[in-house]
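Open the model in your viewer and keep the sequence panel beside it. The stops below are meant to be selected one after another.

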Amino acid sequence: MKQFAYNLRYFFEKYGFYVSSRMGERLGIRVKSIRLFFIYLSFFTLGAGFALYLTLAFWLRIKDLIYTKRSSVFDL
(Lines give C-alpha, C1' and ligand atoms only; values in the text may rest on other atoms or scores of the structure.)
Protein backbone atom coordinates (compact mmCIF):
# COMPACT_ATOMS: atom_id res chain seq x y z
CA MET A 1 0.00 0.00 0.00
CA LYS A 2 2.84 2.35 0.86
CA GLN A 3 4.52 1.70 -2.50
CA PHE A 4 1.25 2.39 -4.32
CA ALA A 5 0.85 5.73 -2.53
CA TYR A 6 4.45 6.64 -3.37
CA ASN A 7 3.95 5.75 -7.04
CA LEU A 8 0.71 7.71 -7.18
CA ARG A 9 2.38 10.74 -5.62
CA TYR A 10 5.30 10.48 -8.02
CA PHE A 11 2.92 10.29 -11.00
CA PHE A 12 1.00 13.41 -9.99
CA GLU A 13 4.15 15.34 -9.17
CA LYS A 14 5.76 14.42 -12.48
CA TYR A 15 2.82 15.17 -14.76
CA GLY A 16 1.10 17.84 -12.65
CA PHE A 17 4.19 20.02 -12.35
CA TYR A 18 4.93 19.41 -16.02
CA VAL A 19 1.81 21.37 -16.94
CA SER A 20 3.01 24.37 -14.95
CA SER A 21 6.45 24.11 -16.51
CA ARG A 22 5.08 24.01 -20.05
CA MET A 23 2.81 26.99 -19.38
CA GLY A 24 5.73 28.91 -17.91
CA GLU A 25 7.95 28.18 -20.90
CA ARG A 26 5.28 29.10 -23.40
CA LEU A 27 4.20 32.32 -21.65
CA GLY A 28 7.66 33.34 -20.49
CA ILE A 29 6.67 33.40 -16.81
CA ARG A 30 8.44 31.78 -13.89
CA VAL A 31 6.93 28.43 -12.89
CA LYS A 32 6.83 29.46 -9.23
CA SER A 33 4.55 32.39 -10.13
CA ILE A 34 2.15 30.12 -12.01
CA ARG A 35 1.94 27.67 -9.11
CA LEU A 36 1.33 30.47 -6.61
CA PHE A 37 -1.37 31.87 -8.88
CA PHE A 38 -3.23 28.54 -8.90
CA ILE A 39 -2.87 28.18 -5.12
CA TYR A 40 -4.23 31.69 -4.50
CA LEU A 41 -7.00 31.14 -7.03
CA SER A 42 -8.14 27.97 -5.25
CA PHE A 43 -8.24 29.76 -1.87
CA PHE A 44 -10.10 32.71 -3.40
CA THR A 45 -12.76 30.55 -5.06
CA LEU A 46 -13.35 28.61 -1.85
CA GLY A 47 -13.55 31.84 0.16
CA ALA A 48 -15.78 33.56 -2.39
CA GLY A 49 -18.37 30.78 -2.22
CA PHE A 50 -18.42 30.88 1.56
CA ALA A 51 -18.71 34.70 1.56
CA LEU A 52 -21.61 34.51 -0.91
CA TYR A 53 -23.34 31.96 1.35
CA LEU A 54 -22.96 34.20 4.41
CA THR A 55 -24.21 37.25 2.48
CA LEU A 56 -27.32 35.42 1.28
CA ALA A 57 -28.01 34.07 4.76
CA PHE A 58 -27.70 37.61 6.16
CA TRP A 59 -30.14 39.07 3.61
CA LEU A 60 -32.66 36.28 4.17
CA ARG A 61 -32.50 36.89 7.93
CA ILE A 62 -33.04 40.63 7.43
CA LYS A 63 -35.97 39.92 5.07
CA ASP A 64 -37.57 37.66 7.66
CA LEU A 65 -37.21 40.32 10.33
CA ILE A 66 -38.75 43.05 8.18
CA TYR A 67 -41.51 41.14 6.44
CA THR A 68 -43.52 39.18 8.98
CA LYS A 69 -46.59 37.24 7.98
CA ARG A 70 -49.79 38.68 9.27
CA SER A 71 -52.78 36.43 9.53
CA SER A 72 -55.40 39.17 9.16
CA VAL A 73 -55.90 42.87 8.55
CA PHE A 74 -56.52 43.48 12.27
CA ASP A 75 -52.94 42.49 13.17
CA LEU A 76 -51.60 45.84 11.90
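What follows is a short tour of a predicted model, going from a helix residue to aromatic side chains.

**Stop 1: Ser 20.** Select Ser 20, which belongs to helix 1, the run covering residues 2-27. Is Ser 20 buried or exposed? Its relative accessibility is 9%, so Ser 20 counts as buried, the cut-off being under 20%.

Now show what surrounds Ser 20. Which residues does Ser 20 contact, once neighbours within four places in sequence are left aside? They are Val 31, Ile 34 and Arg 35. Draw a C-alpha to C-alpha distance from Ser 20 to Val 31: it should read 6.0 Å, for two residues eleven apart in sequence.

**Stop 2: the aromatic pairs.** Clear the selection and turn to the rings. How many aromatic pairs does the structure hold? There are three, and the tour visits two of them, beginning with Phe 11 and Phe 12. The ring centres of Phe 11 and Phe 12 are 5.5 Å apart and their planes make an angle of 70°, an edge-to-face arrangement. Colour this pair by accessibility: Phe 11 is partly exposed at 42%, while Phe 12, at 52%, counts as exposed.

**Stop 3: Phe 58 and Trp 59.** Select Phe 58 with Trp 59, another edge-to-face pair. Here the centre-to-centre distance is 5.6 Å, with 70° between the planes. Phe 58 has a relative accessible area of 48% and is therefore partly exposed. Trp 59 reaches 55% relative accessibility, which puts Trp 59 in the exposed class because that class begins over 50%.

How values were computed: Residues are numbered from 1 along each chain as its sequence is written. This is a predicted model: local features need pLDDT of at least 70, side-chain atom pairs count only at pLDDT 80 or more; totals for chains, interfaces and linings use all residues. Side-chain values use heavy atoms; hydrogens and water are left out. Rings of Phe, Tyr and Trp (its six-membered ring) pair if their centres lie within 6.5 Å; planes under 30 degrees apart count as stacked, over 60 as edge-to-face and the rest as tilted. Buried means under 20% relative accessible area, exposed over 50%, partly exposed in between (1.4 Å probe, protein chains only). Helices (H or I, at least four residues) and strands (E, at least two) are DSSP runs, numbered from the N terminus. Contact means heavy atoms within 4.5 Å.
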